[in-house]
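Please look over the sequence and the structure shown here before reading on. The report takes up a few features one at a time.

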Amino acid sequence: LAGALVPLEEAEAVFNRRRAQGDSWEVLVVGLATTLQLRAAVLGSQKMFPDAFAAGDAGLALLRPLAAMPDATLNVQRGLGESLHLYGFNLLRSGQVEKSIEHFQEARQIFSKLGAPGLADLANAALYGSSAVWMGEAFETLGNVAQSRASYQEAYAVTTSVLDAMPGHSTAMSAKAIAVGSLGRLEANDGRIGRAIELSAEHAEIYRAMLKTAPTNAAANNNLGVAYGDTAGYLFDAGRFEEARDMMRAATSVGDKMPDRSYLAPNLVFWFGDLAEFESELGDESAAGKAMLEAKRLLDTEFTRAQADFSTVELRQRYPGTQARLFLAANDYPQALEITRSVLREFEALDAPSTGAEQQKRFWLSWNAQVGAVAEYELGNFPAAEKYARSSVENWQALKYSGLRHELFGAQNKTLLAQSIARQGRTAESMEILRPLLKFFREQRARPHENRMLDFQYAHALYAAALAEPAEREARLAEASAVLDRLP
């Protein structure tokens with residue numbers, strides 16, 4: 001993908017030469033602004049955000065004065081809308097979520113002025129839908145599920161209409177795929193795993209259709225992998241572990257036919273890490289090791305620059321974080337702890353430059369501290385386990401995410417905290433954590449749901465309550481055993 005910068009820089013040089021010679025044609029200015037935004041998009045995909053924003057700012061500075069004129073042409077207005085849309089995407093990817101929403105909203109206002117979501121101009125309507133889908137992701141990142149769902153649904157409806165009028169419209173296909181995949185994620189967060197899997201399959205099918213005519217399209221391959229990875233997560237939640245493993249293997253293979261996998265490398269590192277955990281969960285340590293070797297190879301070959309920005313550090317720490325979990329699964333608790341301490345030090349020292357980055361930092365602190373809590377607990381170091389579990393809970397509480405899957409992650413951390421406290425003889429304090437937790441589980445399990453992790457975590461909480469309330473021990477353990485016996 002880095003090779004795409006060369007022709008863009010050459011085009012920019014041509015445009016600038018013409019302007020220096022006194023050529024001020026509107027088409028030239030719009031062409032230069034578009035070139036700058038495309039260069040910004042490529043730089044952003046490589047996480048070179050300062051350079052991306054410099055190019056994007058230059059492009060917007062060219063278009064805003066022209067668009068503010070009373071007789072601004074359609075070409076100028078659409079050019080500004082597209083530029084705002086691309087700039088908003090870079091803001092979102094860099095973690096500047098609130099600012100990204102402002103840019104998407106301004107872009108949508110321009111597209112609306114030009115007739116969207118009406119279908120008189122299909123390109124304009126498709127861009128309107130595309131801005132809606134990314135605004136949905138921004139709202140979801142901020143924990144605003146209602147607005148997020150509304151944005152995704154609007155994007156889905158608009159892009160479906162565009163595709164009905166013009167099958168194969170590339171912008172509409174991409175936006176619809178992301179919208180349907182995102183709606184699937186929201187369904188999973190509400191415990192409707194079957195519906196989430198259906199939507200995720202539709203998500204994947206759109207990208208498979210794209211790849212029939214462009215098999216080496218980097219973005220389509222990457223997004224197909226995202227669809228497979230999401231489906232793997234839903235299958236895992238449903239207790240269908242072998243299917244989840246197979247789907248994650250499919251995610252890691254999406255770039256096999258690509259001459260250059262650099263565009264996919266960041267996601268591939270995460271997918272191979274997830275695959276390693278799935279393989280380990282199913283008892284295939286050899287396959288888990290192979291997945292980890294592939295993740296390490298990608299880190300060593302694709303991320304050789306001495307960058308210390310948030311995204312790069314986050315990516316590099318995913319590997320040791322997974323290593324620690326694999327050592328935990330193998331009952332090598334000292335090794336898991338040694339790695340976890342190092343990873344936590346890296347994240348604690350990491351500056352989070354934006355709201356989105358701060359949320360990611362909090363998540364990884366919680367995720368890794370959970371490993372420390374389990375390892376210390378298994379070693380019998382209950383005060384240390386409490387410290388890790390408390391940190392994991394506090395960082396989870398700082399997250400703006402919502403939904404059942406998020407709550408289950410927090411519940412697991414709270415149960416670990418309650419267990420660690422109970423083991424130190426502070427049973428009343430432990431039950432103060434467990435009573436509302438057990439109430440939450442019973443309420444959730446009374447509703448129709450397909451998330452088997454909900455049942456598993458309930459059994460875990462019952463086990464902790466058996467420790468904290470010896471008088472109820474037999475009843476708690478019997479209930480936990482009955483819950484586990486009903487799992488697939």
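What follows is a short report on a pocket, some salt bridges and two single residues.

## The kind of model

The structure is a predicted model, and the values in this report are computed from its atoms.

## The second largest pocket

The second largest pocket holds about 170 Å³ of space. Its lining is made up of L211, P215, N221, L224, Y228, A250, S253, V254, D256, K257 and M258. When these residues are sorted by character, seven of them are nonpolar, two are polar and two are charged.

Helix α10, which covers residues 218-237, gives the most to this lining, and its share is three residues.

## Salt bridges between distant parts of the chain

The count of salt bridges in the model comes to 33. One of them is formed by E106 and R64, whose closest N and O atoms are 2.7 Å apart. This pair links distant parts of the chain, since E106 belongs to helix α5 (residues 97-113) and R64 to helix α3 (residues 49-67), with their positions 42 residues apart in the numbering. E106 is partly exposed, having a relative accessible area of 25%, and R64 also counts as partly exposed, at 36% relative accessibility.

A second example is the salt bridge of R318 with D274, in which the closest N and O atoms are 2.4 Å apart. Here too the pair links distant parts of the chain, with R318 in helix α14 (residues 310-329) and D274 in helix α12 (residues 265-281), 44 residues apart. Are the two partners buried or partly exposed? R318 is buried, because its relative accessible area is 4% and the limit for buried is under 20%, whereas D274, at 25% relative accessibility, counts as partly exposed.

## A salt bridge within one helix, and a network

The side chains of K296 and D300 also meet in a salt bridge, with a distance of 2.9 Å from N to O. Both residues lie in helix α13 (residues 285-302), and because they are four residues apart there, they are separated by about one helical turn. K296 counts as partly exposed at 33% relative accessibility, and D300 is partly exposed as well, with a relative accessible area of 46%.

Salt bridges can also share partners, and in this model such sharing joins R149, E187, D190 and R192 into one network.

## Two single residues

Which helix holds K212? K212 has its place in helix α9, which covers residues 193-213. At 68% relative accessibility, K212 counts as exposed, because the limit for exposed is over 50%. In sequence K212 and D246 are 34 residues apart, while in space their C-alpha atoms are 22 Å apart.

E386, by contrast with the exposed K212, is buried, with a relative accessible area of 11%. E386 is found in helix α17 (residues 382-397). With which residues is E386 in contact, leaving aside its neighbours within four places in sequence? They are L417, S420, I421, Q424 and R426.

Notes
Residues numbered from 1 in each chain as written. Predicted model: local features only at pLDDT ≥ 70, side-chain atom pairs only at ≥ 80, totals over all residues. Heavy atoms only, no water. 1 Å grid on protein atoms, 1.4 Å probe; cavity = no way out; pocket = protein on both sides within 12 Å on 5 of 7 lines; lining within 4 Å. Points joined across faces, edges and corners; volume = space filled by probe spheres on them. Helix = DSSP H or I, 4+ residues; strand = E, 2+ residues; numbered from the N terminus. Nonpolar A, V, L, I, M, F, W, Y, C, P; charged D, E, K, R; others polar. Salt bridge = Lys/Arg side-chain N within 4 Å of Asp/Glu carboxyl O. Buried < 20%, exposed > 50% of the residue type's maximum accessible area, 1.4 Å probe, protein only. Contact = heavy atoms within 4.5 Å.
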